[in-house]
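These are my notebook entries on one protein chain, written while I went through the model with sequence and coordinates side by side. I looked up ring pairs, helix faces, pockets and backbone angles in turn.

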Amino acid sequence: LARTFAPRPASSPPHCAAQTRRSACITRTRAHASSNATETPWRCPLCTTDADAQSPLRRSDNGKTLQCSRALHAFDAHKTGYVNLLPTKSKASGDGVGQLRARREFLSSGAYAELAEAAAASALEPALRDAVGDLDDMAKDDTPVSIHNSPRAKKLAKKREERERERERRPAQPPLRKSALRVLDLGCGEGYYAARVRDYAKEQACAVELVCVDASKEACEMCAKMVPEAFTCVADASATLPFYDGTIDVVLSVFAPRVPKELARVLRGNGRVVVVSPEPEHMSELREEKDIGVTVVAVESGKAERVDEGMSQAGFKVASRRSIRGTMSLDGDAVANLIIMGPSGYHNDVEAIEKVRARAEPRDVTKAFTLTVYEK
């Protein structure tokens with residue numbers, strides 16, 4: 001819930017003792033937030049009308065409130081840790097609880113594990129690239145070599161030998177990035193892909209700061225539980241994002257809406273966007289089976305070209321593109337969850353889905369995705 005602090009003019013006398021106590025409480029909150037609060041990645045969504053306003057949101061010591069630096073607005077954090085920054089006038093709602101639970105159950109089977117691994121690797125590639133560069137720099141030895149058998153030359157040679165022995169004793173793994181890579185999971189859902197980015201970063205010894213955004217409060221609650229290390233907030237991915245210009249390193253967008261101009265604004269100069277989209281063959285068998293009695297939405301014709309064009313107009317170029325395909329053997333429950341968890345979930349009633357779920361025999365279903373990396 002957002003609260004607006006409207007300071008009472010100094011000339012206005014308090015109407016009662018309760019109002020005096022309330023004013024004092026607000027004053028203490030301001031002083032506390034300005035001195036002891038913890039910085040977050042967010043900017044205040046209610047201060048953005050003032051182009052010159054610098055209003056980062058800071059978390060109070062108790063973690064229950066986020067307040068803008070101008071002490072005008074405060075936002076209560078949910079008990080799981082996420083915060084709702086969606087303007088009250090917004091009509092964005094995101095996926096419902098049924099879709100989110102179906103997706104969580106389906107993804108937990110590992111059916112999209114290969115996709116999650118590829119998305120995480122693409123998102124963290126800049127950090128891994130920097131780490132390899134640091135490792136190469138460590139391997140360089142610019143100490144001048146002297147052909148003379150002087151005391152100084154012997155001393156330098158001894159230092160080189162000590163450094164070589166030290167390198168041999170250390171495990172062969174890239175060092176941590178000097179600063180954490182800030183990765184924004186846009187349309188994070190229940191947190192499956194953000195969790196894989198977190199785990200992959202740990203495996204590769206990369207420092208990463210995860211920021212998760214979704215228009216669904218239920219999705220943010222589930223994501224905050226799955227990835228408690230992340231900064232998670234309710235916000236509309238297809239509108240103005242609650243970030244300052246040039247504060248994000250990587251944007252991950254898996255089957256989620258996005259506004260290319262907004263991505264260009266929030267990304268740093270060398271930032272990248274990792275976009276995962278379904279291909280026309282995805283779930284094709286379910287569209288061809290007319291007897292199953294459900295509607296399975298197809299990929300719009302020319303969608304990939306339109307995405308490329310929109311990203312290009314915002315200043316992005318395609319850095320890489322790959323196709324990820326396979327065949328899944330799914331029973332009735334898995335097929336039902338697959339239909340519910342995506343856009344097809346909006347086009348089918350409960351009765352039709354239950355008929356699909358009742359079919360015990362497994363069937364082969366194609367999975368086909370395109371993973372595209374765009375860079376500024």
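**Entry 1: aromatic rings**

I began with the aromatic side chains and found that Phe 106, Tyr 112, Phe 255 and Phe 369 are linked by ring pairs into a cluster. I note here that the model is a predicted one, and that I treat every value below as computed from it. The structure holds 5 aromatic pairs. One of them joins Trp 42 and Phe 243, whose ring centres are 5.2 Å apart and whose planes make an angle of 40°, and I entered the pair as tilted. Trp 42 belongs to strand β2 (residues 38–43) while Phe 243 belongs to the loop between β9 and β10, so this pair ties together parts that are 201 residues apart in sequence. I checked the burial of both partners and found Trp 42 buried and Phe 243 buried as well. I then turned to Tyr 192 and Tyr 193, where the centres are 5.0 Å apart and the planes stand at 85°, so I entered that pair as edge-to-face. Tyr 192 is buried, with a relative accessible area of 17%, and Tyr 193 is buried too, with a value of 8%.

**Entry 2: the surroundings of Tyr 244**

Which charged end sits over the ring of Tyr 244? I found that of Arg 43 there, 5.7 Å from the ring centre. Tyr 244 lies in the loop between β9 (231–234) and β10 (248–254). Its relative accessibility is 19%, and because buried means under 20%, I count Tyr 244 as buried. I also looked up the backbone distance to Ser 55, which is 189 residues away along the chain, and found the two C-alpha atoms separated by 9.4 Å.

**Entry 3: two helices and their buried sides**

For helix α2 (residues 97–107), I listed Gln 99, Leu 100, Ala 102, Arg 103, Phe 106 and Leu 107 as buried. These residues cover an arc of only 165° around the axis, which puts them on the same side of α2. When I asked what covers the buried residues of α2, I found that the cover includes α5 (192–203), α6 (217–226), β12 (317–330) and α10 (332–341).

I repeated the exercise for helix α11 (residues 350–358), where Ala 352, Ile 353 and Val 356 are buried. Their arc around the axis is only 100°, which places them on the same side of α11. On the other side of α11 I found Val 350, Glu 351, Lys 355 and Ala 358 exposed. The cover over the buried residues of α11 includes α10, and α10 is also among the elements that cover the buried residues of α2.

**Entry 4: the largest pocket**

I looked up the largest pocket next and recorded a volume of about 1300 Å³. It is lined by 47 residues, of which Val 254, Phe 255, Ala 256, Pro 257 and Pro 343 are the closest to its centre. The elements that give two or more residues to this lining are α2, β11 (267–278), α9 (303–313) and α10. Which element gives the largest share of the lining? I found that α9 does, with 4 residues.

**Entry 5: positive phi angles**

Phe 255, which I had already met in the ring cluster, has a positive phi of about 55° although it is not a glycine. Phe 255 is found in the loop between β10 and α7 (260–266), and with a relative accessible area of 40% I recorded it as partly exposed. Met 283 likewise is not a glycine and has a positive phi, of about 60°. Met 283 has its place in the loop between β11 and α8 (284–288), and at 9% relative accessibility I count Met 283 as buried.

**Entry 6: the chain as a whole**

I closed with totals, and counted 11 helices and 13 strands in the chain. Of its 376 residues, 44% count as buried. Among the contacts in the chain with a separation of 6 or more, I found that 70% are accounted for by residues 24 or more positions apart.

Key:
Residues numbered from 1 in each chain as written. Predicted model: local features only at pLDDT ≥ 70, side-chain atom pairs only at ≥ 80, totals over all residues. Heavy atoms only, no water. Buried < 20%, exposed > 50% of the residue type's maximum accessible area, 1.4 Å probe, protein only. Arc of directions from axis to C-beta. Contact = heavy atoms within 4.5 Å. Phe/Tyr/Trp six-rings, centres within 6.5 Å; stacked < 30°, edge-to-face > 60°. Lys NZ or Arg CZ within 6 Å of the ring centre and 35° of its normal. 1 Å grid on protein atoms, 1.4 Å probe; cavity = no way out; pocket = protein on both sides within 12 Å on 5 of 7 lines; lining within 4 Å. Points joined across faces, edges and corners; volume = space filled by probe spheres on them.
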